[in-house]
Amino acid sequence: MERENNTVVTEFILLGLTQSQQAQLLVFVLVLVFYLIILPGNLLIILTIRSDAGLTAPLYFFLGNLAFLDASYSFIVAPRMLMDFLSEKKIISYRGCITQLFFLHFLGAGEMFLLVVMAFDRYMAICHPLHYTTVMNPRICYALLLALWLGGFTHSIVQVALILHLPFCGPNQLDNFFCDVPQVIKLACTDTFVVELLMVSNSGLLTLLCFLGLLASYAVILYRVKGHTSEGKHKALSTCTTHIIIVFLMFGPAIFIYTRPFRAFPADKVVSLFHTVIFPLMNPVIYTLRNQEVKASMRRLLSRHMVC
């Protein structure tokens with residue numbers, strides 16, 4: 001059973017979201033209904049942007065990628081959580097736990113960097129409109145997309161590398177409904193102070209800096225919008241307001257979880273549920289509901305296929 005890195009534990013027991021059977025059933029139904037309604041909406045957003053030749057601006061290119069990232073992100077936790085609700089014993093293998101943790105931070109960091117890119121896109125469109133098409137050309141957009149994927153991979157591989165060097169030789173009960181850094185580190189059979197410090201630097205500090213940078217960039221954009229015409233001002237304000245809502249939904253829970261020492265708080269599981277399942281599926285939908293061009297394109301797409 002012993003692994004090369006002194007790991008004796010071969011599986012983890014997930015204690016789940018709650019021990020109450022009634023609460024589990026309620027959460028199961030709510031998450032399942034939400035998942036079955038919102039996930040197809042994300043896929044429809046991707047299909048709409050891909051099929052409409054009028055939605056080729058960088059804003060829609062990045063929105064389609066946001067929908068893809070969020071849909072993929074929700075697949076990491078939600079399906080297994082729903083199956084675990086129906087299982088008496090919730091077990092995940094050591095390899096499965098590390099894999100889940102890797103993709104959770106890979107896609108999560110990728111989305112974080114994508115929101116930074118989308119803020120840069122809005123800054124160029126609103127503050128430097130004459131240079132927008134030159135700077136945000138297709139080649140630059142794809143380069144930014146590649147950079148954010150590489151950034152997410154680098155962030156995640158550092159997390160996993162630090163955990164792989166920890167010995168797990170005793171307790172194997174994770175007080176959560178999925179594998180994440182704070183809970184896994186606490187089960188290591190060694191002093192984890194330095195590792196926790198590195199994790200907080202890698203996840204928490206990075207998240208906080210991105211969040212503050214995004215708020216500063218949107219503050220600059222909103223300040224510059226004051227000089228626009230009423231129509232242009234309304235459109236810019238609507239777009240920026242939507243982006244700011246998503247920034248708070250994405251970064252608020254992440255800051256709560258990763259920018260403090262890894263101690264358990266009563267609200268941790270609820271915050272994690274919204275961070276890993278609810279908000280990722282809602283983000284593209286919120287963008288779409290406030291974007292008239294995408295909504296009109298979706299109506300055309302649906303009516304065309306319904307007529308056929």
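This passage describes the helices, strands, salt bridges and one surface patch of a predicted model. Residues are numbered from 1 along each chain as its sequence is written, and side-chain values use heavy atoms, with hydrogens and water left out. Because the model is predicted, local features need pLDDT of at least 70 and side-chain atom pairs count only at pLDDT 80 or more, whereas totals for chains, interfaces and linings use all residues.

Helices and strands are DSSP runs numbered from the N terminus, a helix being a run of H or I of at least four residues and a strand a run of E of at least two. Helix α2 covers residues 58-85, and its 28 residues should span 40 Å at 1.5 Å a residue, which agrees with the 40 Å between its end C-alpha atoms; the expected span is 1.5 Å times one less than the number of residues. A kink of about 40° nevertheless lies in α2 at Phe75, shortly before the proline Pro79, the bend being the angle between axes fitted to the seven residues ending at a position and the seven starting there. Of the 28 residues of α2, 22 are buried, a term that stands for under 20% relative accessible area, with exposed meaning over 50% and partly exposed in between (1.4 Å probe, protein chains only). Helix α3 (residues 94-127) has 34 residues with an expected span of 50 Å, and the 49 Å between its end C-alpha atoms agrees with this. This helix is also mostly covered, with 26 of its 34 residues buried.

Strand β1 (residues 11-14) is joined by three bridges to strand β2 (residues 91-93), and the two run antiparallel; strands are taken to pair if DSSP finds at least two bridges between them. With strand β3 (residues 173-174), β1 pairs in the parallel sense over two bridges. Ile13 takes part in both pairings, having Ile91 as its bridge partner in β2 and Gln173 as its bridge partner in β3.

Side chains of opposite charge can pair when their charged atoms come close. The structure holds five salt bridges, each defined as a side-chain nitrogen of Lys or Arg within 4 Å of a carboxyl oxygen of Asp or Glu. In one of them, the side chains of Arg300 and Asp52 meet at 3.0 Å, N to O. Arg300 lies in helix α10 (residues 292-307) and Asp52 in the loop between α1 and α2, so this pair ties together parts that are 248 residues apart in sequence. Arg300 is partly exposed at 44% relative accessibility, while Asp52 is buried at 17%. Another salt bridge links Lys269 with Asp175 at 2.8 Å, N to O. Because Lys269 lies in helix α9 (residues 268-289) and Asp175 in the loop between β3 and α6 (181-185), the pair ties together parts that are 94 residues apart in sequence. Here Lys269 is buried at 17% relative accessibility, and Asp175 is partly exposed at 40%. Arg122 and Asp121 form a further salt bridge, with their closest N and O atoms 2.8 Å apart; Arg122 is buried at 10% relative accessibility, as is Asp121 at 1%.

On the surface, Leu25, Val29, Val33 and Ile37 make a nonpolar patch of about 370 Å². Val29 has its place in helix α1 (residues 21-51) and is partly exposed, with a relative accessible area of 40%.

Terms used. Patches are made of residues with over 30% relative accessible area and no salt bridge: like charges are joined within 9 Å, nonpolar side chains (Val, Leu, Ile, Met, Phe, Trp, Tyr) within 5 Å. Accessible areas come from the Shrake-Rupley method with a 1.4 Å probe; for residues, only the protein chains shown count as cover.
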